[in-house]
Amino acid sequence: RAKMWGENSVQVYSSDAPLPPSERLILKNHLREALAQDQLLLEYQPQVDIASRRIVGVEALIRWNHPQYGRIEPGRFITLAEETGLIVPIGEWVLRSACAQNRAWRDAGLPALKTAVNLSARQLKHPELVDRVLEIIGETGIAPSCLDLEITEGILIDNMEMNRQGLQTLRQAGVQVSIDDFGTGYSSLGYLTELPADILKMDRSFVTRLGQGEPGARGYALAESIIHMAHRLQLAVIAEAVETEEQLADLTAMGCDYAQGYYFHRPLAADKVAELLRQQAAADQGQALQVA
Ligand code: C2E
Ligand code: MG
Ligand code: MG
Ligand code: MG
């Protein structure tokens with residue numbers, strides 16, 4: 001395999017293979033400095049309303065720009081951040097930066113947009129999470145409905161009673177809650193009736209089974225049932241990792257509400273998002289003029 005710390009380390013780090021123990025330790029130590037030294041950054045992946053094809057939100061995704069090893073994907077350092085507890089300050093930085101960016105797009109005259117932020121288990125367990133989130137919303141001056149907290153199904157049900165209270169408080173304030181990677185972590189379906197959430201993010205494993213031209217296949221039955229069930233429970237559905245036109249066509253036929261994935265856009269720098277939003281607004285205006 002390629003040498004981990006050589007010239008080509010950027011290549012190596014973008015893979016998903018587990019790190020050898022010695023390299024984990026090195027990265028773990030470097031992570032302590034990453035925040036202070038401004039090496040972390042956010043990219044934003046657009047979320048599209050399937051019916052109108054408009055961008056209605058973005059998901060903030062963290063990246064680590066390591067001075068020697070290049071770009072490191074979150075799959076390689078979020079667990080390290082969890083283990084060291086660094087996820088709490090890092091997570092707070094993510095929340096604050098994502099909300100500040102949302103505000104900056106508004107200040108630039110762009111239409112209101114929702115920003116989704118991923119929360120880790122340790123953040124969710126932190127007794128100050130609710131206060132901190134409300135504080136950041138206040139400081140950045142965004143509408144609470146512009147913030148969407150993504151929590152994976154597994155983390156949520158792990159500590160349902162405790163999680164529910166905090167999340168309900170946030171939802172009452174107007175913040176949205178999404179269940180990330182839905183369909184991969186449940187132990188029983190009963191918990192769905194008490195889910196403190198607004199949106200189900202259907203896991204990519206269901207989406208990859210679509211678009212094969214086999215509507216009778218079991219993979220289709222699963223995706224369709226998840227969407228149907230979510231709607232009966234008054235939850236909206238967003239499909240993650242939509243990569244092909246055929247997958248989108250199937251999701252559209254199934255009544256899925258939103259989609260996110262490489263078919264539309266990869267995660268982008270903030271100024272690229274602004275450019276897309278400007279193009280969208282200009283297209284809207286062109287259409288309005290045509291109608292008038
Ligand atoms: P996630 O929240 O499920 O995010 C979706 C992941 O799928 C992202 O990977 C995104 O780049 C990728 N993706 C989007 N569209 C497609 C597609 O069409 N095809 C494929 N194959 N992949 C697609 P990324 O950015 O590497 O993030 C991985 C995970 O790291 C995230 O999964 C999330 O669990 C975690 N993560 C990222 N940022 C943060 C953060 O700020 N805080 C925490 N706690 N976790 C984060
Ligand atoms: Mg997510
Ligand atoms: Mg996900
Ligand atoms: Mg995922």
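Start by selecting the two magnesium ions, ligand 2 and ligand 3: they sit 3.9 Å apart, and Asp180 coordinates both. Keep in mind as you click around that this is a predicted model.

**Stop 1: the metal site**

Stay on ligand 3 and show the side chains around this magnesium ion. You should find Asp180 and Asp181, each through OD, plus Glu240 through OE, with distances of 2.0 to 2.4 Å. Along the chain, these donors are spaced D-D-x58-E. Now colour by secondary structure. Asp181 lies in strand E6 (residues 176-182), while Glu240 is in the loop between strand E8 (236-239) and helix H11 (245-253), so this pair ties together parts that are 59 residues apart in sequence. Turn on the surface and compare the two: Asp181 is partly exposed at 24% relative accessibility, whereas Glu240 is buried at 10%.

**Stop 2: the aromatic pairs**

There are three aromatic pairs in the whole structure; here are two to visit. Select Tyr44 and Trp105 first. Their rings meet edge-to-face, with 5.0 Å from centre to centre and 75 degrees between the planes. Zoom out a little and you'll see that Tyr44 belongs to strand E1 (residues 40-49) and Trp105 to helix H4 (residues 87-107), 61 residues apart. Tyr44 is buried, at 3% relative accessibility, and Trp105 is buried too, also with 3%.

Next, pick Trp64 and Phe77. The ring centres are 5.5 Å apart and the planes are at 80 degrees, so this pair is edge-to-face. Trp64 comes from strand E2 (residues 55-66) and Phe77 from helix H3 (residues 74-84), 13 residues apart. Both Trp64 and Phe77 are buried.

While you have rings on display, jump to Tyr262: the charged end of Arg266 sits over its ring, 3.8 Å from the centre.

**Stop 3: the pockets**

Which residues lie nearest the centre of the largest pocket? Select Glu59, Leu61, Pro74, Asn118 and Arg204 to get there; the full lining has 41 residues. The space inside is about 1200 Å³. Strand E2 gives the largest share of the lining, five residues. By class, the lining splits into 15 nonpolar, ten polar and 16 charged residues.

Finish at the second largest pocket, with about 160 Å³ of space. Its lining includes Leu124, His126, Met162 and Leu167. Helices H5 (121-125), H6 (129-140) and H8 (160-172) each supply at least two lining residues, and H8 gives the largest share, five. Here the lining has six nonpolar, four polar and one charged residues.

Methods. Residues are numbered from 1 along each chain as its sequence is written. Chains are lettered from A and ligands numbered from 1 in the order in which they are written. This is a predicted model: local features need pLDDT of at least 70, side-chain atom pairs count only at pLDDT 80 or more; totals for chains, interfaces and linings use all residues. Side-chain values use heavy atoms; hydrogens and water are left out. Donors are N, O and S atoms within 2.8 Å of the metal (3.2 Å for Na, K and Ca); water is not among the atoms, so sites may look incomplete. Helices (H or I, at least four residues) and strands (E, at least two) are DSSP runs, numbered from the N terminus. Buried means under 20% relative accessible area, exposed over 50%, partly exposed in between (1.4 Å probe, protein chains only). Rings of Phe, Tyr and Trp (its six-membered ring) pair if their centres lie within 6.5 Å; planes under 30 degrees apart count as stacked, over 60 as edge-to-face and the rest as tilted. A charge sits over a ring if NZ of Lys or CZ of Arg is within 6 Å of the ring centre and within 35 degrees of the ring normal. On a 1 Å grid over the protein atoms alone, a cavity is a set of points where a 1.4 Å probe fits but cannot get out, and a pocket is an open set with protein on both sides within 12 Å along at least five of seven lines; lining residues have an atom within 4 Å of a point. Grid points are joined across faces, edges and corners, and a volume is the space filled by probe spheres set on the points. Ala, Val, Leu, Ile, Met, Phe, Trp, Tyr, Cys and Pro count as nonpolar, Asp, Glu, Lys and Arg as charged, and the others, Gly among them, as polar.
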